[in-house]
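These are my notebook entries on a structure that I had not examined before. I set down what I looked up, entry by entry.

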Amino acid sequence: PLEVIGAGLPRTGTLSLKSALDHLGYTSYHMIEFHGNVDRDAALWLEATKGATHQWDKWFAPYNATVDLPGCVYYRELLRQYPDAKVILTVRDAEGWYKSVQETLKPSRWELLVMIGALFDRALKTMIKVNQYGWLRLFPPRFEHDATIESFNKHNREVQEHVPSSNLLVFDVREGWEPLCAFLGKPVP
């Protein structure tokens, strides 16, 4: 079962968090796992976009932590399934986050990827649909600056309001090992 649920959005240090969790002995699911296992995972996550979240144990069988997309979109559902899990909300400056997303993950590029994916690879098309669903569940379709920043801040507020404080670490990865290890009850490497 999942022991750690990453509720932080992409480009907030989620890959650094994955690396840290893996170093501490967890096996973490991150978007890079999804990309590396599209044939296995795409259909499962597409089911989740349609509300079929009853198979979390099956989907996460080899993992005990999840960070980044698509898991961060489902932090509430995951917490219902795994109420004892620790939730980590990775955070960063909203303006820096927006700029980073614009430079690396700009959602408007997905339209072209969907068309290419539809032509050549059904699993790729499904993966792109899942990514789109995650972004569109959280952000305005055109990714306008002010509305997107507000959505980013709203997500962070909602996580902090929804997750019991005893189960939540609001974490800037620049803080290093100490707060992370203290929260997880692990020794600092």
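**Entry 1: A loop and its proline**

I began with Pro-70, which I found in the loop between strand S3 (65-66) and H5. The model is a predicted one, and I read every value below in that light. I looked up the peptide bond between Leu-69 and Pro-70 and found that it is cis, with omega at about -5 degrees.

In the loop between S3 and H5 I also located Asp-68. Asp-68 is not a glycine, yet its phi is positive, at about 70 degrees. Is Asp-68 buried or exposed? I noted a relative accessibility of 6%, under the 20% limit, so Asp-68 counts as buried.

**Entry 2: Another positive phi**

Arg-11 likewise is not a glycine and has a positive phi of about 70 degrees. I placed Arg-11 in the loop between strand S1 (4-6) and helix H1 (14-23). I recorded Arg-11 as partly exposed, because its relative accessible area is 36%, which falls between the limits of 20% and 50%.

**Entry 3: The chain as a whole**

I then stepped back to the overall figures. The protein chain has 10 helices and five strands. Of its 189 residues, 51% are buried. I also looked at contacts with a separation of 6 or more: residues 24 or more positions apart account for 75% of them.

**Entry 4: The start of the chain**

Pro-1 lies in the segment before S1. I noted Pro-1 as exposed, since its relative accessibility is 74%. Which residues does Pro-1 touch, not counting those up to four places away in sequence? I found Tyr-63, Asn-64 and Tyr-82. The C-alpha atoms of Pro-1 and Asn-64 are separated by 5.7 Å, although the two residues are 63 apart along the chain.

**Entry 5: The nonpolar cores**

I looked up the largest nonpolar core and found that it has 40 residues. The residues with the most contacts inside it are Ile-5, Trp-45, Trp-56, Phe-60, Leu-78 and Trp-97. Two or more residues each come from helix H2 (31-36), helix H3 (38-49), helix H4 (56-59), helix H5 (75-81), strand S4 (86-90), helix H6 (94-104) and helix H9 (145-162). H3 gives the largest share, five residues. Apart from this core I found another, of 15 residues, which includes Leu-169, Phe-171, Phe-183 and Leu-184. I add a general remark: nonpolar side chains tend to be buried together in soluble globular proteins.

I followed Ile-5 in detail. Leaving out residues up to four places away in sequence, Ile-5 touches Thr-66, Tyr-75, Leu-78, Leu-79, Ala-85, Lys-86, Val-87 and Ile-88.

**Entry 6: Asn-167**

I located Asn-167 in the loop between H9 and strand S5 (168-171). Its relative accessible area is 14%, so I entered Asn-167 as buried. Beyond its neighbours within four places in sequence, Asn-167 is in contact with Pro-83, Asp-84, Ala-85, Lys-86, Val-87 and Phe-183.

**Entry 7: Aromatic rings**

How many aromatic pairs does a search of the whole structure find? I counted six. Trp-56 and Trp-59 form one that is edge-to-face, at 5.0 Å centre to centre and with 85 degrees between the planes. Both lie in helix H4, three residues apart, about one turn of the helix. Trp-56 is buried, because its relative accessible area is 1%. Trp-59 also counts as buried, at 8% relative accessibility. I saw further that ring pairs link Tyr-29, Trp-56, Trp-59, Phe-60, Tyr-63 and Tyr-74 into a cluster.

**Entry 8: Two packed helices**

My last search concerned H6 and H9. Their axes are 10 Å apart, and the packing angle is about 115 degrees. The crossing in which H6 passes H9 is right-handed. From H6, the contact is made by Ala-94, Glu-95, Trp-97 and Tyr-98. From H9, it is made by His-145, Thr-148, Ile-149, Phe-152 and Asn-153. I sorted the residues of this contact and obtained five nonpolar, three polar and one charged.

Note on methods
Residues numbered from 1 in each chain as written. Predicted model: local features only at pLDDT ≥ 70, side-chain atom pairs only at ≥ 80, totals over all residues. Heavy atoms only, no water. Core = buried A, V, L, I, M, F, W, Y, C linked by side-chain atoms within 4.5 Å. Buried < 20%, exposed > 50% of the residue type's maximum accessible area, 1.4 Å probe, protein only. Helix = DSSP H or I, 4+ residues; strand = E, 2+ residues; numbered from the N terminus. Contact = heavy atoms within 4.5 Å. Axes fitted to C-alpha atoms, helices over the stretch in contact; angles between N-to-C directions. Left-handed = near helix turned anticlockwise from the far one by under 90°. Nonpolar A, V, L, I, M, F, W, Y, C, P; charged D, E, K, R; others polar. Phe/Tyr/Trp six-rings, centres within 6.5 Å; stacked < 30°, edge-to-face > 60°.
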